[in-house]
Structures are given as C-alpha cells and as structure tokens.
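I opened the notebook on this structure to look up how its strands are paired, what surrounds one chosen side chain, and where the chains meet. The entries follow in the order in which I looked things up.

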Amino acid sequence: MIEFRNVSKSYTSGLEAVHDASFSIEKGEFAFLVGSSGSGKSTLIKLILKEEEPTSGNIIINGKDTTFLKPSRIPYLRRSMGIVFQDFRLLPDKTVYDNVAFAMHVVRATPKHIRRQVPLVLSQVGLAEKAKVYPNELSGGEQQRVALARAIVNNPSMLIADEPTGNLDPNTAWDIMELLNEINLRGTTVVVATHAKDIVDKMNKRVIRIDQGNIVRDEKGGYDGEI
Amino acid sequence: MKYNSFGYLIGEGFRSVAKQKKMTSASIIIMCATMFIFGAFYLIGENINFIMKQVESQQGMRVVIKEDATEDEISNMENKIRQINGVNQITFYSKEDALASVKEQLGDQKDIIAGYDVDNPFPDSYFVTLTDLNLNNEVQEQIKKLDGVEEITASNDTISSLATIAQGIQMATLGLLKILIIISIFIISYTIKLTVYARRREISIMKYVGATNGFIRGPFIVEGIIIGVVSAIITLAIVGLAYNSVVTSILSSSVIQMMNITLYNFSDIFVKLLMVYLILGTGIGIVGSIISMRKYLKV
C-alpha cells in the first residue's frame with residue numbers, strides 16, 4: 001500500500017531530514033509513526049502526500065511509483081488518501097455538513113451522492129445532530145471528528161493523520177484514537193504520526209520510530225519498545 | 001462519479017462575492033476607475049478618428065477633363081478611376097455645374113461673368129475623394145495615365161500633413177490604451193491576490209482533499225468575471241452620462257460648427273463600448289485571478 005525504498009530527503013538548506021528510509025505498510029494495517037519534533041516525522045508525511053519530492057529513492061503508493069508522477073496527477077493520488085491535521089483545518093464559514101460535503105464537491109460527486117453520504121459519515125463519527133453547526137461552536141474533539149468525517153467521506157483506501165491528538169486533552173484524544181481504530185477495522189489503512197506516548201503504548205500497534213532522519217525501530221509494541 | 005461541477009463553482013463564486021462585500025466593492029471601485037480612464041481615452045481616440053475621416057473625406061482632388069473628350073471617354077474614365085485602390089467617392093461636375101457654383105460664389109458680382117452662359121470656359125471635371133490620405137500620390141499617378149485627363153489640381157501639402165496628424169493620433173491612442181490595459185491587469189490581480197490570500201486556508205484544504213487546479217481556480221475566475229461585468233455596467237452608465245454632456249457642450253462651440261464636423265452620439269458607440277468593456281472586464285478578471293493564484297496552487 002505504502003512502500004518506501006531507500007528514500008532520502010535533503011532540503012535546500014542542506015539539512016537531511018530523512019536518510020535512506022525503507023519500510024512498507026500493508027493494506028488494512030494500522031501504523032504509528034513516532035519521533036520527537038524535528039526527527040523527520042513530518043517530512044515522511046509530506047513525502048507520502050507528495051507535498052515534497054524525495055531527493056533519492058522511490059515511494060510506491062497503491063502499487064504505483066509516485067516518484068515521477070506528473071504534478072497534474074497529484075490531486076488524483078491525494079483522493080486515495082484521507083488526511084487529518086493537528087489543527088483540524090476546517091472552514092470557519094461553512095457548517096459541519098458543508099465542511100464534509102466540500103470534500104465531495106471537490107472530487108465532483110453528484111449532489112444525490114453527497115446527500116446520501118454526508119449524513120452517513122457524520123453519524124459514523126457521532127456528530128449527526130451537529131450538522132448545521134459552525135466549527136467555532138464545537139469543542140476541539142468535535143472539530144477533529146468533523147475533520148475525520150471529511151477525510152473518510154470519499155472512501156479513501158488510506159488515512160494519514162499528522163499529530164491528530166496534539167491539540168486535545170487526554171480523554172478526547174483517546175476518543176479520536178478509538179475512532180481511528182474503528183475506521184481501520186472497516187478496512188482502511190491508517191498511518192498516525194504522533195508523540196503521544198501513552199496512547200501508542202495503550203494501542204499496542206506497529207510503531208515506526210524515526211530519529212534524526214533515520215528509521216531506528218519498526219515493530220509492534222509501545223512507544224519505547226515492546227510491551 | 002464524474003459530475004459536471006459547473007453549477008457548484010458558479011454558486012461558490014457568487015457566494016464569495018456576497019460574503020466578501022468590502023473586498024468586492026474595493027475591486028469594483030478600482031476596476032471602475034481604471035475602466036473610466038480607459039473609456040475616456042477610448043472615446044477621445046474614436047472621435048478623433050471620426051473627425052479625421054470627415055476631414056479626409058472633404059479633402060480630395062479635382063480631375064480636369066480635356067475639352068475634346070467624348071461622352072464615352074468621360075464615362076470610361078469614371079469606371080477606371082473607381083477601380084483604383086484608395087478611391088472613396090467620385091462625383092462628376094459638368095461645365096454647367098462649375099459655372100453655377102462660381103456664380104453662387106460671386107453672388108452680387110456675377111456681372112463679371114456675364115455672357116459665360118453662351119460660351120462656357122469652365123471644363124468638365126471629376127471630384128475624387130480618398131479612403132486614405134496616405135494613398136494620395138499613388139492615386140494621382142494612376143489617374144494621370146488615363147486618357148482624356150487634362151490635369152489634376154489638389155492641395156497636396158494639406159493632404160500630407162493631415163495624413164501625418166491622423167497617423168500620429170492613432171499611434172498615441174493605441175499606445176495609451178496598451179499601457180492602461182497593463183495597469184488594469186496589475187491592479188486587479190493585486191486586488192484578487194488579497195481575496196486569494198484571505199482564502200489561502202480554503203485553498204490548501206482543497207489541495208489536500210485532491211482538488212485539481214482547475215477546480216480551485218473556478219470560483220475565483222467566476223468572481224473575477226462578476227467583478228468585471230458589474231464594473232463594466234456601472235462604468236458604462238457613468239461614461240454615458242458624462243459623454244453626452246461633454247459632447248453637447250463641444251458641439252455648441254462656434255469653432256466646431258464652423259468646421260462642419262460632427263461627433264459620435266453615445267448610442268452610436270454604445271454597443272462597441274459595451275463589448276470593449278465586457279471583454280476587457282472579463283479578460284482582466286480572468287487574467288488577474290490566474291496571475292494572483294499561481295503562488296498558492298503549488299502545495
């Protein structure tokens with residue numbers, strides 16, 4: 001599903017953010033990407049999204065090498081992945097419903113399909129009765145649920161979450177993590193970049209640890225090692 | 001799941017215009033101002049051309065026909081002159097016409113030419129006007145070669161200086177219009193850049209959800225077109241009112257009346273100006289929004 005083959009990434013400043021990274025995340029897997037700030041975590045996510053180009057090596061997504069993907073094809077690559085950010089990134093002037101429907105308009109879904117799909121996804125994340133509400137009237141946890149609904153509304157084959165619980169209190173964070181787990185159980189590949197130690201320990205999933213650009217650990221277990 | 005999202009994009013464009021009232025009205029005011037200046041220069045240019053045409057059509061040459069030319073030769077000559085490139089109109093003046101017009105000019109003193117009715121010394125002639133004063137010399141060359149032409153009388157100096165003036169004015173207005181178009185595009189793209197900046201968050205979300213660049217541009221282009229069309233209509237109304245009052249006062253001045261010159265009515269150029277404004281407005285709107293978005297589409 002996501003495969004890195006000897007991927008390195010240096011920025012023009014000379015900083016090597018990722019060094020010779022090789023790993024493979026299979027279809028239906030749940031993987032944590034852990035590491036302290038500045039470890040290269042965010043660069044890995046950006047490489048998967050093709051927001052950044054690798055300096056060397058190949059990245060294969062859904063069986064296709066994206067290294068030589070034309071810029072005009074990038075939108076279609078991104079439609080195969082749902083993306084969630086630490087800061088939710090909702091549109092403040094659109095209701096919860098419209099924020100989710102927006103992602104469907106973008107991929108040119110029919111109005112009929114949108115009317116069917118949006119309520120379904122909103123009830124899946126437990127926000128069915130908040131459809132008409134604006135983001136600023138919601139709590140942080142609820143906003144992240146909207147972002148999750150928006151990420152999965154087009155049925156992507158994978159979900160990429162960059163620090164999804166970074167702005168949330170521990171209880172809410174755990175709710176979001178359970179929701180991610182639920183989405184994973186329905187067959188979606190989930191990749192979560194985080195440094196929330198307690199959550200990673202509790203989930204006991206595959207952990208890919210990156211430190212100063214190098215992948216130093218890749219195994220099932222907790223944040224710092226096997227449990 | 002492919003669906004024509006045209007309606008959605010147009011809706012988003014209108015929604016954005018309605019939501020960002022301050023930004024939109026700022027754009028419209030700036031656009032109206034540039035269009036007004038543009039329109040003023042355009043109208044001045046059009047009218048100068050119109051005046052030059054009138055002056056040009058009054059200028060011409062008199063082709064004097066030989067005394068012994070037969071009727072056939074005379075009518076033959078008319079056909080040949082008509083075929084020469086650059087000839088606008090050709091009018092025949094018989095000996096009698098010439099005498100009559102001299103009589104009219106002399107008025108009370110027509111006694112001087114008493115007896116001319118019996119033995120008319122004036123020749124038959126053609127008055128030839130030109131489509132383009134620059135062709136004056138060539139046309140004269142060709143007419144001289146024809147049979148039955150006695151001589152050509154024309155005020156060549158007036159014609160050539162008029163031609164130079166006309167050319168100069170055309171070049172100047174064209175140059176000014178070009179500069180104004182570039183300035184307009186610059187101003188509008190800067191204004192739309194502000195709108196795009198205000199919505200950069202939305203654009204980056206669209207990119208992450210997998211929107212194509214065309215889809216993202218859609219609403220902004222619609223916005224540009226709306227601003228363009230609204231500005232065009234407002235400016236047209238203002239320019240129309242201003243033009244009519246200015247033209248009325250110009251035409252009532254004695255100098256213009258002496259020169260026997262008319263100016264365009266606003267209704268004559270209304271359709272032309274409307275087209276120019278609509279093309280200009282939508283064009284500047286589209287080009288402006290594309291220029292101002294380039295930076296934000298690179299995520």
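Entry 1, a sheet of chain B. I looked up the bridge partner of Gln89(B) and found Thr129(B) in E3(B); I note here that the model is a predicted one. E2(B) and strand E3 (residues 125-130) of chain B run antiparallel and are joined by 6 bridges. I then followed the sheet outwards and found 4 strands in the order E2-E3-E1-E4 (chain B), an open sheet with antiparallel pairing. Strand E2 (87-93) and strand E4 (149-154) of chain B each have a single partner strand and stand at the edges, so one side of each has no neighbour in the sheet. On average, and with direction ignored, neighbouring strands of this sheet are turned by 20 degrees against each other.

Entry 2, a sheet of chain A. Here I found another open sheet, with 4 strands in the order E2-E1-E4-E5 (chain A) and antiparallel pairing. Its edges are strand E2 (16-25) and strand E5 (64-65) of chain A, each of which has a single partner strand and is therefore left with one side without a neighbour in the sheet. Strand E1 (residues 2-10) and strand E4 (residues 56-61) of chain A pair in the antiparallel sense over 5 bridges, and Phe4(A) stands opposite Ile59(A) in E4(A). Helix H1 (residues 41-48) of chain A lies across E1, E2 and E4 of chain A, and its direction makes an angle of about 120 degrees with E1(A).

Entry 3, Phe32(A) and a hairpin. Is Phe32(A) buried or exposed? I count Phe32(A) as buried because 24 other C-beta atoms lie within 10 Å, where 20 or more are required. Phe32(A) is found in strand E3 (residues 30-34) of chain A, and the residues it touches include Val192(A), Thr194(A), Val200(A) and Lys205(A). Phe32(A) and Arg209(A) are 177 residues apart in sequence, yet 8.1 Å apart in space, C-alpha to C-alpha. Arg209(A) stands opposite Arg217(A) in E10(A), and strands E9 (residues 205-211) and E10 (residues 214-221) of chain A pair in the antiparallel sense over 7 bridges. These two strands form a hairpin with 2 residues between them, and Gln212(A) in the turn has a positive phi of about 50 degrees.

Entry 4, the contact between the chains. I found that 17 residues from chain A and 16 residues from chain B take part. On the side of chain A that touches chain B, helix H2 (74-78) and helix H3 (96-106) of chain A are the elements that give two or more residues. The residues of that side divide into 8 nonpolar, 3 polar and 6 charged.

Terms used. Residues numbered from 1 in each chain as written. Chains lettered and ligands numbered in written order. Predicted model: local features only at pLDDT ≥ 70, side-chain atom pairs only at ≥ 80, totals over all residues. Pairing = 2+ DSSP bridges. Contact = placed C-beta atoms within 7 Å. Axes fitted to C-alpha atoms, helices over the stretch in contact; angles between N-to-C directions. Nonpolar A, V, L, I, M, F, W, Y, C, P; charged D, E, K, R; others polar. Buried ≥ 20, exposed ≤ 12 C-beta atoms within 10 Å, placed from the backbone. Lists of a residue's contacts leave out its neighbours within four places in sequence.
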